[in-house]
Amino acid sequence: MTAGATDGAGADDEDTGRVRALLREHDDPDHLERPPHFDPAASARRFDLLGRACVERFGPACVRFLTQDTSHYGGVTVRPDVTGLERPLWVLLSNFGGFVTAGTGAEGATGAGEGLTEEFLTWLDRVCAAAGCVRVPVELLLEPYDGRAVLERMYAEPLMLAMAAEHGWGDENDEDDEKVEPVVWWERYFDYM
């Protein structure tokens, strides 16, 4: 998103549409962890800029981490007592398109964008622009995935449910076993592959 844009219902439709278009553009069904033109040096520079900006804002309470077997490069976490949000904060960098997302609470969960202030989002938009990244609101990432790739959960959960039903595994009274949540864009760009 651009500086000054907001998340949620007040988001500028043009920016939201642009970000959705970028998510679709970078959705390569043949390369799930990283794009074929992945530039490790450019990603390292982006990650360093993002991490340094977080340390400048929040101090040494920031913890940087790199990931493996995921579609995101790494992230920064900040303890709740330092964020001023009363919740832990995380900022993640995807391997695709320089996408960055941020939230509080559980990563990729409904409500993860709660508590992020307009001032913080404006600051993060500036940091993203300086690093050549695009901020993607968590709310967009939690929309049902309708892209071109076949993600593991698209076949793993239904297969496990079918096997459980066939073999009589599980509790017959547990209705939650039947519910399969839809795959979301988060799983494409910020999850394990």
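Me: In what sense do β1 and β2 pair, and over how many bridges?
Reply: In this predicted model, the two strands form a hairpin with five residues between them. One pair in this ladder is Val 63, whose bridge partner in β2 is Thr 77. β1 and β2 pair in the antiparallel sense, over five bridges.

Me: Which residue in the turn of that hairpin has a positive phi?
Reply: The residue lies in the loop between β1 and β2, and its relative accessible area of 41% makes it partly exposed. Its phi is about 60°, although the residue is not a glycine. The residue with the positive phi in the turn is Asp 69.

Me: Where does Glu 86 lie, and what is its phi?
Reply: Glu 86 is placed in the loop between α3 (80–83) and β3, and at 75% relative accessibility it counts as exposed. Glu 86 is a residue other than glycine, yet its phi is positive, near 65°.

Me: What is the order of the strands in the sheet, and which strands are at the edges?
Reply: The sheet is open and has five strands with mixed pairing, in the order β1-β2-β3-β4-β5. An edge strand here pairs on one side only, and the two that do so are β1 (62–66) and β5 (134–135).

Me: Over how many bridges do β2 and β3 pair?
Reply: Strand β2 covers residues 72–78 and strand β3 covers residues 89–94, and their pairing is antiparallel. Within this pairing Val 76 stands opposite Val 91 in β3. The number of bridges between β2 and β3 is six.

Me: Is Gly 74 buried or exposed, and what is its relative accessible area?
Reply: Gly 74 is found in strand β2, and, leaving out residues up to four places away in sequence, it touches Phe 47, Phe 65, Leu 66, Thr 67, Val 91, Leu 92 and Leu 93. Its C-alpha is 9.6 Å from that of Ser 43, a residue 31 places away in sequence. Since a residue counts as buried under 20% relative accessible area, Gly 74 is buried, with a value of 0%.

Me: What is the relative accessibility of Phe 65?
Reply: Phe 65 belongs to strand β1, and its contacts beyond four places in sequence include Phe 47, His 72, Gly 74, Val 76, Leu 92 and Glu 107. Phe 65 and Val 76 are 11 residues apart in sequence, while their C-alpha atoms are 6.3 Å apart in space. Despite these contacts, Phe 65 counts as partly exposed, with a relative accessibility of 25%.

Me: Which strands does α2 touch where it packs on the sheet?
Reply: The direction of α2 makes about 165° with that of β1. The strands that α2 touches are β1, β2, β3 and β4 (99–104).

Me: At what angle do α2 and α4 pack, and how far apart are their axes?
Reply: Two packed helices are described by the angle between their axes and the distance between the axes, so both values are needed here. The crossing of α2 and α4 is right-handed. Helix α2 (residues 40–58) and helix α4 (residues 118–131) pack at about 145°, with their axes 9 Å apart.

Me: How do the residues of the contact of α2 with α4 divide into nonpolar, polar and charged?
Reply: On the α2 side the contact includes Arg 46, Leu 49, Leu 50 and Arg 57, and on the α4 side it includes Glu 119, Phe 120, Trp 123 and Leu 124. The residues of the contact divide into 11 nonpolar, no polar and three charged.

Me: Which elements do the buried residues of α4 pack against?
Reply: Among the buried residues of α4 are Phe 120, Leu 121, Trp 123, Asp 125, Val 127 and Cys 128. The elements that the buried residues of α4 pack against are α2, β3, β4 and β5.

Me: What span should α4 have, and how far apart are its end C-alpha atoms?
Reply: At 1.5 Å a residue, the 14 residues of α4 should span 20 Å. The helix is followed by Gly 132, whose phi is positive, near 75°. The end C-alpha atoms of α4 agree with the expected span, as they are 20 Å apart.

Me: How many helices and strands does the protein have?
Reply: Along the sequence the pattern is α-α-β-β-α-β-β-α-β-α-α-α, and of the 193 residues 44% count as buried. The protein has seven helices and five strands.

Note on methods. Residues numbered from 1 in each chain as written. Predicted model: local features only at pLDDT ≥ 70, side-chain atom pairs only at ≥ 80, totals over all residues. Heavy atoms only, no water. Axes fitted to C-alpha atoms, helices over the stretch in contact; angles between N-to-C directions. Helix = DSSP H or I, 4+ residues; strand = E, 2+ residues; numbered from the N terminus. Left-handed = near helix turned anticlockwise from the far one by under 90°. Contact = heavy atoms within 4.5 Å. Nonpolar A, V, L, I, M, F, W, Y, C, P; charged D, E, K, R; others polar. Pairing = 2+ DSSP bridges. Expected span 1.5 Å × (residues − 1). Buried < 20%, exposed > 50% of the residue type's maximum accessible area, 1.4 Å probe, protein only.
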